Structures are given as structure tokens and as C-alpha cells.
Amino acid sequence: MDDKIINFLNSNFFQTLVTFIVGFVALIVYRRQKKDAKKAAANSILLEIQHIEGHIPKVKEAVRNESLNGFSVGIMREDAWSKYSHLFSSDFDKDEWEVITDFYQAARLLSESIVMSNESFA
């Protein structure tokens, strides 16, 4: 009986089986990590959009009061869309993609305008 087990453990079939199982487990781990990274990126983009949307009324009020000078609220923390958009290329259709891209371009323009305005007053 011991010889049969030792022969089985030394057989090519057993080595192939172990290799297949390890490869399958590695594939599952890889896919879970990829899914988690995509979920974290989506959360980062969502939080940034909410942050930008939350500051737009403050910017509008500052413009109405002509007190944009010294406006120190950062509109964009980081450009998460530019950083992570490649992860979502298969999830959005053309129109949805353009809406998000246009939103980020407008937010970037607004942020740069505020910076340039503050620099001009300095």
C-alpha cells in the first residue's frame, strides 16, 4: 500500500493535478484582486464627483459675491477619472463615457480658473 501511494505521489498525473489546482487557485485570487481594485477605483471616482458637486454651489456663491479672491477650497483633489478610467472602458457606452469625461474636463477647467484667478490677485 505504501508503495502505491509513493508511486502515485511521484507520478506525472499527480504533479499535473497539483499544477492545475495551484493555477486555478491563482486565477481565482487574481480575479478577486482585479474586482477589488475596480471597486476601489469606482468608489474613488464616486467620492470625487460628490466632492466636486458639493463645492460647485460654494464657487457660484463666491462668484456672485465677487469674492473668488482667496477662494481656497480645492475643487479637484485628484483626477481619479484620468487615473482609473481604463478600468471602466467596457462598462459604459459612448454617451455615458462622454458625460463623465466632460464633467471632469469642466471641473478641471473650473479648478484651474480658480487657481489662475487667485494668482492674478496675488
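The following is a conversation about how the terms used for this predicted model rest on its values.

Reader: How do you know that the chain is more spread out than a compact globule?

Author: The chain has four helices and zero strands, in the pattern α-α-α-α. Its radius of gyration is 26 Å, well over the 14 Å that the globule rule gives for 122 residues, so the chain is more spread out than a compact globule. The C-alpha atoms fill a box of roughly 90 × 30 × 20 Å along the principal axes.

Reader: What makes the span of H2 close to the expected one?

Author: Helix H2 has 53 residues, and the expected span is 1.5 Å times one less than that number. This expectation comes to 78 Å, and the helix reaches 78 Å from its first C-alpha to its last, so the two values agree.

Reader: Where in H2 does a kink lie, and how is the bend at a residue defined?

Author: The kink lies at isoleucine 56, shortly before proline 57, and is about 25°. The bend at a residue is the angle between axes fitted to the seven residues ending there and the seven starting there, so the value of about 25° describes how the axes on either side of isoleucine 56 differ in direction. After H2 comes glutamate 66, whose phi is positive, near 55°.

Reader: Why is the contact between lysine 38 and aspartate 91 called a salt bridge?

Author: The term asks for a side-chain nitrogen of Lys or Arg within 4 Å of a carboxyl oxygen of Asp or Glu, and here the N to O distance is 2.5 Å, so the pair qualifies. Lysine 38 lies in helix H2 and aspartate 91 in the loop between H3 and H4, so this salt bridge ties together parts that are 53 residues apart in sequence. Side chains of opposite charge can pair when their charged atoms come close.

Reader: What makes lysine 38 and aspartate 91 partly exposed?

Author: Partly exposed residues fall between the buried range, under 20% relative accessible area, and the exposed range, over 50%. Lysine 38 has 26% and aspartate 91 has 41%, so both count as partly exposed.

Reader: How do you know that glutamate 61 and arginine 64 form a salt bridge, and how are they placed in H2?

Author: Their closest N and O atoms are 3.3 Å apart, which is within the 4 Å limit, so this pair also qualifies. Being three residues apart in helix H2, glutamate 61 and arginine 64 are separated by about one helical turn. Arginine 64, at 60%, is over the 50% limit and therefore exposed, whereas glutamate 61, at 37%, counts as partly exposed.

Reader: Which parts does the salt bridge between aspartate 79 and arginine 108 tie together?

Author: The side chains of aspartate 79 and arginine 108 meet at 2.6 Å, N to O. Aspartate 79 lies in the loop between H2 and H3 and arginine 108 in helix H4, so the pair ties together parts that are 29 residues apart in sequence.

Reader: What makes a set of residues a nonpolar core, and which elements give two or more residues to the largest one?

Author: A nonpolar core consists of buried nonpolar residues joined through side-chain atoms within 4.5 Å. The largest such core has 14 residues, and among those with the most contacts inside it are Ile45, Ile52, Trp81 and Tyr104. Helices H2, H3 and H4 each give two or more residues to this core, and the largest share, five residues, comes from H2.

Methods
Residues are numbered from 1 along each chain as its sequence is written. This is a predicted model: local features need pLDDT of at least 70, side-chain atom pairs count only at pLDDT 80 or more; totals for chains, interfaces and linings use all residues. Side-chain values use heavy atoms; hydrogens and water are left out. Buried means under 20% relative accessible area, exposed over 50%, partly exposed in between (1.4 Å probe, protein chains only). The radius of gyration is taken over C-alpha atoms; the globule rule is 2.2 Å times the number of residues to the power 0.38.
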